Amino acid sequence: MKTMNKLTIMAAALMAAACAPAVEMTDSRIELPEKYPSATTDTMTVADIRWEDFFPDTLLQKHIRTALEGNFSFLSCLDRIKLAENELKTARLGYWPSVSAGLTAGLERFGEYTMDGVGNATTNTPDLDRSKHIPDPYPDFGLGVSFSWEVDLWGKVTQKKRAALSRWIASREAASLAQSVLVSEIAGRYFDLVNLDMKRQITAAAIEFIAKSCELTEDLKDAGEMTQLAADQFRSRLFELKGVLLETDDMIASAERALCVLMGKFPKHVERSGFYDLRRIRYLSDAGIPDLLLTRRPDIREAEMLLAAADCDVKVARRAFYPGLRIGGSGGFSSFDFGKFFLAPASLAYELAAGLTAPVFNAGNIRNEYSNSIVRRNIVVNGYKETVVKAYAEVAGLIESYENILERIELKKEEMRAGKKATESANELFRMQFIGYLEVLSADRDYFECCESYIDLEIERMKLQAGLYRALGGGGFSPDGSATAQ
């Protein structure tokens, strides 16, 4: 008869599993192009390089280390790793039984006209040892240990552990992404400061040059060879450049404050290298083949781990249709006489039980949860594919922009050479009074703007390299926040 009951439970469980909703799962496979546009196929990638090696400037390295140790958002990412690690430890404990110990003491009086009261009175017969008579009121003392253990028949606990492990790895990848973003952002703001420093230098040089032109114009005016209008135009240009200088100083102070906040410290002067020192640095530019994105870029690896966790969640929800075996028991001392509380074996009590349960009717909760787990997995799959597509588009765009900016820099250099010659010629012709002051001012303004544009392009080239390093998943990650080789 017992065998028939067990078979009935198993049959009901299998029928419930057969009634599980057939929700279609989205295919997680995605194919990337063989190479990036305008890029050669190369097995090397800057993602294999530590950020200390990629950014050789020692002052920049110092600021990056400070940020990795003090940036509050990044430190929060490290704390989230610890939370995921604790969840993983909790999932691993699912293999072990739950054990608890307890000490109880109570006093109860039963009414004389109740079943318990009458029963106790009739139990205390004269032929029964008085030490075993039930007292009134009735004291109850207990000390024991109990346990409960669900046998992992279908691997449900294993799948929960794997899901927790995948989410723990995903949290590490999220921190790795945060680190690469932080390194890239520190480098970008550092380059912006160098850009402002250089613009301040050329503005100061332009002020000095215009000041000399003002003196020359005043001398020519006093000699009757130049009008007051020319002197006023040069003076107006001088005041304009002084205003630009003050504005640049304010921008430098603001950029320093922003960089200090990013590093997690109070605003102060930020040390940095000179423009010409950084311009001589040539960063590695091998992007590698697109498939390497799947193994290098942290946000893609994070999405993969979340997808793996979602797959495990689906398996756990599927196994909820199957019967579960739970074993439990308890043992210890129990007595209404404290003087005989630890008397063995008379006061010893124990219980051992096992139960096999299977879902038969639960208002469709298990089916709905299984269906929801598949839908949640499909959402994760779509997020994974979107991450891959965006990553490829970002890298492809950075590569094209970098190649384009190199050509623009070369053209701007030629323009600067021509502008410098034009400025020198204009000043010489002005001294000989072959041209007017407007030509001199126009040549000077054009050359000044050309120099600013060239500096912007060089800084943009450096920032594109930093962005490409981040986009390719550059640098590794260790729990203490330092970068390691992949």
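**Entry 1: the sheet**

I began with strand 3 and strand 4, which pair in the antiparallel sense over ten bridges. This is a predicted model, so I read every value below as computed from it. For a single pair in this stretch I picked Gly 324, and its bridge partner in strand 4 is Thr 357.

Next I looked at the other side of strand 3. Eleven bridges join strand 2 (residues 138-151) to strand 3 (residues 324-335), and the two run antiparallel. I noted three pairs here. Leu 143 has Phe 333 as its bridge partner in strand 3, Ser 148 stands opposite Gly 328, and Val 151 stands opposite Leu 325.

Moving on to strand 1, I found eleven bridges joining strand 1 to strand 2, again antiparallel. Ser 98 has its bridge partner in strand 2, and that partner is Ser 148. I was pleased to meet Ser 148 again, having just seen it opposite Gly 328 in strand 3.

How are the four strands ordered in the open sheet? I wrote down 1-2-3-4, with antiparallel pairing. Strand 1 (98-108) and strand 4 (348-357) are the edges; each has a single partner strand, so one side of each is left without a neighbour in the sheet. From one strand to the next, the twist averages 20 degrees.

**Entry 2: helix 10 against helix 11**

Now for the helices. I took helix 10 (residues 298-319) and helix 11 (residues 365-431), which pack at an angle of about 165 degrees with their axes 9 Å apart. The cut-off for roughly antiparallel is an angle over 145 degrees, and helix 10 is therefore roughly antiparallel to helix 11. The crossing of the two is left-handed.

I then listed the residues in contact. From helix 10 they include Ile 300, Leu 306, Leu 307 and Val 314, and from helix 11 they include Ile 374, Val 380, Val 381 and Tyr 384. Charged residues take part as well, among them Asp 299, Glu 304 and Arg 318 in helix 10, and Glu 369 and Arg 377 in helix 11. By class, I have 15 nonpolar, two polar and seven charged residues for this contact.

**Entry 3: one residue of helix 10**

I stopped at Glu 302, which is found in helix 10. Which residues does Glu 302 touch, leaving aside those up to four places away in sequence? I found Ala 170, Glu 173 and Ala 174. I also checked Glu 302 against Trp 168: they are 134 residues apart in sequence, yet 9.7 Å apart in space, C-alpha to C-alpha.

**Entry 4: helix 6 and its partners**

Helix 6 (residues 156-222) was my next stop. With helix 11, helix 6 packs at an angle of about 15 degrees, and the axes are 12 Å apart. Angles under 35 degrees count as roughly parallel, so helix 6 is roughly parallel to helix 11. This crossing is left-handed.

On the helix 6 side I noted Phe 209, Ser 213, Leu 216, Thr 217 and Leu 220, meeting Thr 423, Asn 427, Phe 430 and Arg 431 in helix 11. The classes come to four nonpolar, four polar and one charged residues.

Helix 3 (residues 58-70) also packs on helix 6, at an angle of about 135 degrees and with the axes 10 Å apart. That angle makes helix 3 oblique to helix 6. Is the crossing left-handed or right-handed? I have it down as right-handed.

For the contact itself, Leu 59, Leu 60, His 63, Ile 64, Ala 67 and Leu 68 in helix 3 meet a set in helix 6 that includes Leu 182, Val 183, Ile 186, Tyr 190 and Phe 191. I recorded eleven nonpolar, two polar and no charged residues here. His 63 in helix 3 and Gln 179 in helix 6 are both on the contact list, and histidine and glutamine fall in the polar class.

**Entry 5: helix 7**

Last, I followed helix 7 (residues 228-262) from end to end. This helix has 35 residues and spans 51 Å from its first C-alpha to its last, close to the 51 Å expected at 1.5 Å a residue. Just after helix 7 I came to Gly 264, which takes a positive phi of about 80 degrees.

Key
Residues are numbered from 1 along each chain as its sequence is written. This is a predicted model: local features need pLDDT of at least 70, side-chain atom pairs count only at pLDDT 80 or more; totals for chains, interfaces and linings use all residues. Side-chain values use heavy atoms; hydrogens and water are left out. Axes are lines fitted to C-alpha atoms, for helices over the stretch in contact, and angles run from 0 to 180 degrees between N-to-C directions. Angles under 35 degrees count as roughly parallel, over 145 as roughly antiparallel, 65 to 115 as roughly perpendicular and the rest as oblique. A crossing is left-handed if the near helix is turned anticlockwise from the far one by less than a right angle, and right-handed if clockwise. Contact means heavy atoms within 4.5 Å. Two strands pair if DSSP finds at least two bridges between them. The expected span of a helix is 1.5 Å times one less than its number of residues.
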